[in-house]
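Colleague: I would like a close look at a single part of this model, namely the salt bridges. Please begin with the overall layout, then take the pairs in turn.

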Amino acid sequence: MTVWRRPYSLDLTTADFMVVSVLAVGFFVFLVFEVRSARMLGPEVVFLGVWNAVGLAVAVRRAMLGVWVSPVGLRSRSLLRTTTVPWASVVDIRSGTSSIVGLDMGRDAIVIDRIDGAPVQTPIQSGAIVQPFRLELTRLVTWPEHYDEILATLRECHRNARPPEQRPPASPVPDPVRADRPGPPEQVRRPAPSAAQRRDIHALTRQYERGVLTGAEYAAELARLRGEE
């Protein structure tokens, strides 16, 4: 029996947001019916039962959104569709542009490139949890830092699933000729960037990759964020 697992953890906000929303709406409908009459009529009981059953099914399915791995391959689970890609068919796991029926959603999404078919866009996306007038029901939206961690974890799973002779080296092999040579003078280390700075640098890099910024504009803005000017 093949065991599928999610190789990354979900932050509490991403995992529980829609579950809490569905339960809150169901409880609100129940209160409306209770206030409307002292007792609930037959059609109202049926409606409330169907509503809660559908809400529970959606909540359970949404809890399974994401990318799952096994010794067999990758499995991308969205709200209405599950796609399984064997490891032998996976070319690369990368960050691409999120789209729905060809429309750019203005976000980054993890994409699985495969040999024998079109790329698979996973529901894992980077951005704010909720945008105006749009609840993130069919997508697993998380913060940029967490998004990058998930992408790195999936790439590592892909690397480990390859045959040993096809795996890229994890780190360069030290040159024995240069081992005894003195290294360059130690540079003064700058303090590590804060979470807000990392988020701004991540967003700036995505804009540069999309061609919104030129190389000079990107370099100048990056230096400003790092405090180098």
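## The salt bridges in their setting

Modeller: Along the sequence, the protein chain runs α-α-β-β-β-β-β-β-β-α-α-α. That makes five helices and seven strands. Keep in mind that this is a predicted model. The mean pLDDT of the protein chain is 75, and 67% of the residues reach at least 70. Confidence is uneven along the chain. Strand β3 (residues 82-86) has the highest value, 93, while helix α1 (residues 12-36) has the lowest, a mean of 62. Over residues 173-179, pLDDT stays under 50, and the model shows zero contacts there beyond four places in sequence. Where pLDDT is low, predicted coordinates should not be read in detail.

Now the charged pairs. Side chains of opposite charge can pair when their charged atoms come close. Three salt bridges are present in the structure.

Start with Arg 94 and Asp 113. Their closest N and O atoms lie 2.6 Å apart. This salt bridge links distant parts of the chain, with Arg 94 in strand β4 and Asp 113 in strand β5 (residues 103-114), 19 residues apart. Are the two partners buried or exposed? Arg 94 is partly exposed, because its relative accessibility is 29%. Asp 113 has 17%, so Asp 113 counts as buried.

Stay with strand β4 for a moment. Strand β4 covers residues 90-100, and Ser 99 is found there too. Ser 99 is partly exposed at 30% relative accessibility. Leaving out residues up to four places away in sequence, Ser 99 touches Asp 104, Met 105 and Gln 121. Ser 99 and Ala 109 are 10 residues apart along the chain, and their C-alpha atoms are separated by 8.6 Å.

Next come the pairs inside helices. In helix α3 (residues 144-161), Arg 159 and Glu 156 are three residues apart, so about one helical turn separates them. Their side chains meet in a salt bridge with an N to O distance of 3.3 Å. Glu 156 is partly exposed, at 37% relative accessibility.

Helix α5 (residues 215-226) holds another pair. Here, Glu 221 and Arg 224 are also three residues apart, which means a separation of about one helical turn. The closest N and O atoms of this salt bridge are 2.3 Å apart. How accessible are these two residues? Glu 221 has 28% relative accessibility and counts as partly exposed. Arg 224 is partly exposed as well, with 45%.

For contrast, look at a nonpolar part of the surface. Val 46, Val 50 and Val 54 make a nonpolar patch of about 260 Å². Val 54 belongs to helix α2 (residues 42-63). Its relative accessible area is 47%, so Val 54 is partly exposed.

The early strands complete the picture. Strand β1 (residues 66-69) pairs with β2 in the antiparallel sense over four bridges. Gly 66 stands opposite Arg 77 of β2, and a hairpin of three residues joins β1 to β2. Strand β2 also pairs with β3, again antiparallel, over five bridges. There, Ser 76 stands opposite Thr 83 in β3, and four residues form the hairpin connection from β2 to β3. Strand β2 (residues 73-77) is mostly covered, with four of its five residues buried.

Finally, step back to the whole chain. Of its 229 residues, 31% count as buried. The chain exposes about 14900 Å², and carbon and sulfur atoms supply 62% of that area.

Terms used
Residues are numbered from 1 along each chain as its sequence is written. This is a predicted model: local features need pLDDT of at least 70, side-chain atom pairs count only at pLDDT 80 or more; totals for chains, interfaces and linings use all residues. Side-chain values use heavy atoms; hydrogens and water are left out. Patches are made of residues with over 30% relative accessible area and no salt bridge: like charges are joined within 9 Å, nonpolar side chains (Val, Leu, Ile, Met, Phe, Trp, Tyr) within 5 Å. Accessible areas come from the Shrake-Rupley method with a 1.4 Å probe; for residues, only the protein chains shown count as cover. A salt bridge is a side-chain nitrogen of Lys or Arg within 4 Å of a carboxyl oxygen of Asp or Glu. Helices (H or I, at least four residues) and strands (E, at least two) are DSSP runs, numbered from the N terminus. Buried means under 20% relative accessible area, exposed over 50%, partly exposed in between (1.4 Å probe, protein chains only). Contact means heavy atoms within 4.5 Å. pLDDT is the predictor's confidence in each residue, from 0 to 100. Two strands pair if DSSP finds at least two bridges between them.
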